[in-house]
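Hi,

Here is the model I promised to pass on. Have a look at it first, and then read my notes below.

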Amino acid sequence: MGNDPKIPLRADHRFLKKLISSTLGGKVEQVPEEYDMLTRAFARAGGSWERIFQGGSPADVILLSRLIKRAFAKGLLTKKHEF
């Protein structure tokens with residue numbers, strides 16, 4: 001249940017799920033391992049989950065959105081197959 005992408009238990013995974021959905025419009029599969037990859041990249045880029053959750057830091061949300069778009073463009077996120 002902890003790795004269920006439909007109902008993520010971790011707050012960062014829930015936030016990523018919503019942000020990925022709004023940023024990419026349902027073009028990617030929800031894969032927990034990819035959430036972890038984005039979380040590590042976010043921390044390396046100087047982002048802070050604490051700032052997002054405590055104050056809604058727009059700069060950190062923008063950074064995370066850019067990382068998501070870059071990961072999608074580089075093929076690091078699993079794309080949904082469309083029929």
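A quick word on naming before anything else: a helix here is a DSSP run of H or I with at least four residues, and the helices are numbered from the N terminus. With that in place, you can find G75 following α4, with a positive phi near 80 degrees. Please keep in mind throughout that this is a predicted model.

The overall picture first. The chain has 4 helices and 0 strands, so from the N terminus on the order of elements is simply α-α-α-α. Of its 83 residues, 34% count as buried. If you take the contacts between residues at least 6 apart in sequence, 55% of them join residues at least 24 apart.

Now α4, since I already mentioned what follows it. How far apart should the ends of this helix be? Helix α4 covers residues 58-73, which is 16 residues, and at 1.5 Å a residue it should span 22 Å. The C-alpha atoms at its ends are 22 Å apart, so the model agrees with that expectation.

Which residues of α4 are buried? They are D60, L64, S65, L67, I68, A71 and F72. These buried residues cover an arc of only 160 degrees around the axis, which means that they sit on the same side of α4. The general background is the usual one: an α-helix has 3.6 residues a turn, so residues three or four places apart point the same way. On the face turned away from the buried side you will find the exposed residues P58, A59, R66, R70 and A73. As for partners, the buried residues of α4 pack against α1, α2 and α3, the last of these being residues 49-55.

Next, the charges. How many salt bridges are there? The count comes to 3, using a cut-off of 4 Å between a side-chain nitrogen of Lys or Arg and a carboxyl oxygen of Asp or Glu. Here they are:

- R10 and D12 meet through their side chains at 2.7 Å, N to O.
- D36 and R10 form another salt bridge, at 3.2 Å, N to O. This pair links distant parts of the chain, 26 residues apart: D36 is in helix α2 (residues 32-44), while R10 is in the segment before α1 (11-24).
- D60 and R51 have their salt bridge at 2.6 Å, N to O.

R10 appears twice in that list, and R10, D12 and D36 are indeed linked in a network of salt bridges. How buried or exposed are its members? R10 is partly exposed because its relative accessibility is 40%, and D36 is partly exposed too, at 26%. D12, in helix α1, counts as buried because its relative accessibility is 9%. Leaving out residues up to four places away in sequence, D12 touches T39, W49 and F53.

Over in the D60 and R51 pair, D60 is buried, with a relative accessible area of 4%, whereas R51 is partly exposed at 41%. D60 is also one of the buried residues of α4 listed above.

One acid deserves its own paragraph. E34 lies in helix α2. What is the nearest side chain of opposite charge to E34? That would be R40, at 11 Å, and E34 is buried yet has no salt bridge. What the E34 side chain does have is a polar contact of 2.5 Å with the side chain of T78. Setting aside neighbours within four places in sequence, E34 is in contact with E29, L76, L77 and T78.

E33 is also placed in helix α2, but this residue counts as exposed because its relative accessibility is 52%, and exposed means over 50%. From E33 to H13 the C-alpha to C-alpha separation is 10.0 Å, with their positions 20 residues apart in sequence.

If you open just two spots, I would go for the R10, D12 and D36 network and the E34 to T78 contact.

Cheers

How values were computed: Residues numbered from 1 in each chain as written. Predicted model: local features only at pLDDT ≥ 70, side-chain atom pairs only at ≥ 80, totals over all residues. Heavy atoms only, no water. Buried < 20%, exposed > 50% of the residue type's maximum accessible area, 1.4 Å probe, protein only. Helix = DSSP H or I, 4+ residues; strand = E, 2+ residues; numbered from the N terminus. Expected span 1.5 Å × (residues − 1). Arc of directions from axis to C-beta. Contact = heavy atoms within 4.5 Å. Lys, Arg positive; Asp, Glu negative; His and termini not counted. Polar contact = N/O pair within 3.5 Å; in protein donor to acceptor, adjacent residues only side chain to side chain.
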